[in-house]
Amino acid sequence: IGHRGGFSLLPVDCTLTGMLFVRYGSKRINNDVTFSSDGVPYIWHDPTVDSRTNGTGTFEELTSTYIDALTINVVQGTLYSAMRISKLDDYLMAMADTNVCVGLELKGTETTAKVDAMVALVQKYGMSDRVCLAFGMSMLSYLRSIDPLIGLTYANGSTISEADLEI
């Protein structure tokens, strides 16, 4: 399982790192998804862009135009520089032609609009049977109602009630 990326080879959370995992035989790749303030999903883990890019700010408060202009800081010893933050659309397009399963965990505020956007991209690339999405219980119930093929993963930190166990 490839998780986020290879710190010693490439910056974490980018399409190129995912493809490197595919090349080296990973069967599953896990990444996090964070949305921009204008609703664009990106492969991104941290709540801010401060420590890993040439920009500053809370990710969910930044526009996609601002995020698209950022470069990921080069980690000492990595092979590439000036890499951009990957949009989920670009990431899934790259993974669609592989046989890898993709796990995606939504970071930040969970809404049905964000679930809808993620599901639309998964379906766009015909990957419902190879993607597992991680949310809190209320969003997992919603996800199950709109695409029964997508795998479900419960994200830590959410509350589970007895009724939730009936998904």
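Start by selecting helices H1 and H3, which pass each other in a right-handed crossing. This is a predicted model, and the tour moves from this pair of helices outwards.

**Stop 1: H1 against H3**

Four residues of H1 make the contact, Thr-15, Gly-18, Met-19 and Val-22, and they meet Asp-90, Tyr-91, Ala-94 and Met-95 of H3. Colour these residues by class and you will find 5 nonpolar, 2 polar and 1 charged. Two packed helices are described by the angle between their axes and the distance between the axes. Here H1, residues 15–23, has an axis that comes within 9 Å of the axis of H3, and the two cross at roughly 20 degrees. H1 and H3 are therefore roughly parallel to each other.

Stay on H1 for a moment. Which of the residues of H1 are buried? Select Thr-15, Thr-17, Gly-18, Leu-20 and Phe-21 to see them. Then step past the end of the helix to Gly-25, which follows H1 and has a positive phi, near 95 degrees.

**Stop 2: H3 against H4**

Now keep H3, residues 88–96, and add H4, residues 112–124. The axes of these two helices come within 9 Å and cross at roughly 30 degrees. An angle under 35 degrees counts as roughly parallel, and H3 and H4 are therefore roughly parallel to each other. The crossing of H3 past H4 is right-handed.

Which residues make this contact? On the H3 side, show Leu-88, Asp-89 and Leu-92; on the H4 side, show Met-118, Leu-121, Val-122 and Lys-124. Sorted by class, the contact of H3 with H4 holds 5 nonpolar and 2 charged residues, with no polar ones.

**Stop 3: Ala-120 and Tyr-125**

Ala-120 sits in helix H4. With 42% relative accessibility, Ala-120 counts as partly exposed. Select Asp-147 as well: Ala-120 and Asp-147 are 27 residues apart in sequence, and their C-alpha atoms are 9.8 Å apart in space.

Next, move on to Tyr-125, in the loop between H4 and strand S5 (131–135). Is Tyr-125 buried or exposed? Tyr-125 has a relative accessible area of 18%, so this residue is buried. Leaving aside neighbours within four places in sequence, Tyr-125 is in contact with Asp-89, Leu-92, Met-93 and Ala-96. You can also draw a line from Tyr-125 to Ala-94: they lie 31 residues apart in sequence and 9.6 Å apart in space, C-alpha to C-alpha.

**Stop 4: The cysteines**

How many disulfides does a search of the whole structure find? The search finds 0. Select Cys-101 and Cys-132 to look at one case: the closest cysteine sulfur to that of Cys-101 is in Cys-132, 9.0 Å away, too far for a bond. Cys-101 is partly exposed, at 32% relative accessibility, whereas Cys-14, at 2%, counts as buried.

**Stop 5: The whole chain**

Finally, show the whole protein as a cartoon. There are 5 helices and 6 strands. Follow the chain from the N terminus and the elements run β-α-β-β-α-α-β-α-β-α-β. The protein has 167 residues, and buried residues make up 46% of them. Among contacts between residues at least 6 apart in sequence, 55% join residues at least 24 apart.

Technical notes:
Residues are numbered from 1 along each chain as its sequence is written. This is a predicted model: local features need pLDDT of at least 70, side-chain atom pairs count only at pLDDT 80 or more; totals for chains, interfaces and linings use all residues. Side-chain values use heavy atoms; hydrogens and water are left out. Axes are lines fitted to C-alpha atoms, for helices over the stretch in contact, and angles run from 0 to 180 degrees between N-to-C directions. Angles under 35 degrees count as roughly parallel, over 145 as roughly antiparallel, 65 to 115 as roughly perpendicular and the rest as oblique. A crossing is left-handed if the near helix is turned anticlockwise from the far one by less than a right angle, and right-handed if clockwise. Contact means heavy atoms within 4.5 Å. Ala, Val, Leu, Ile, Met, Phe, Trp, Tyr, Cys and Pro count as nonpolar, Asp, Glu, Lys and Arg as charged, and the others, Gly among them, as polar. A disulfide is a pair of cysteine sulfur atoms within 2.5 Å. Buried means under 20% relative accessible area, exposed over 50%, partly exposed in between (1.4 Å probe, protein chains only).
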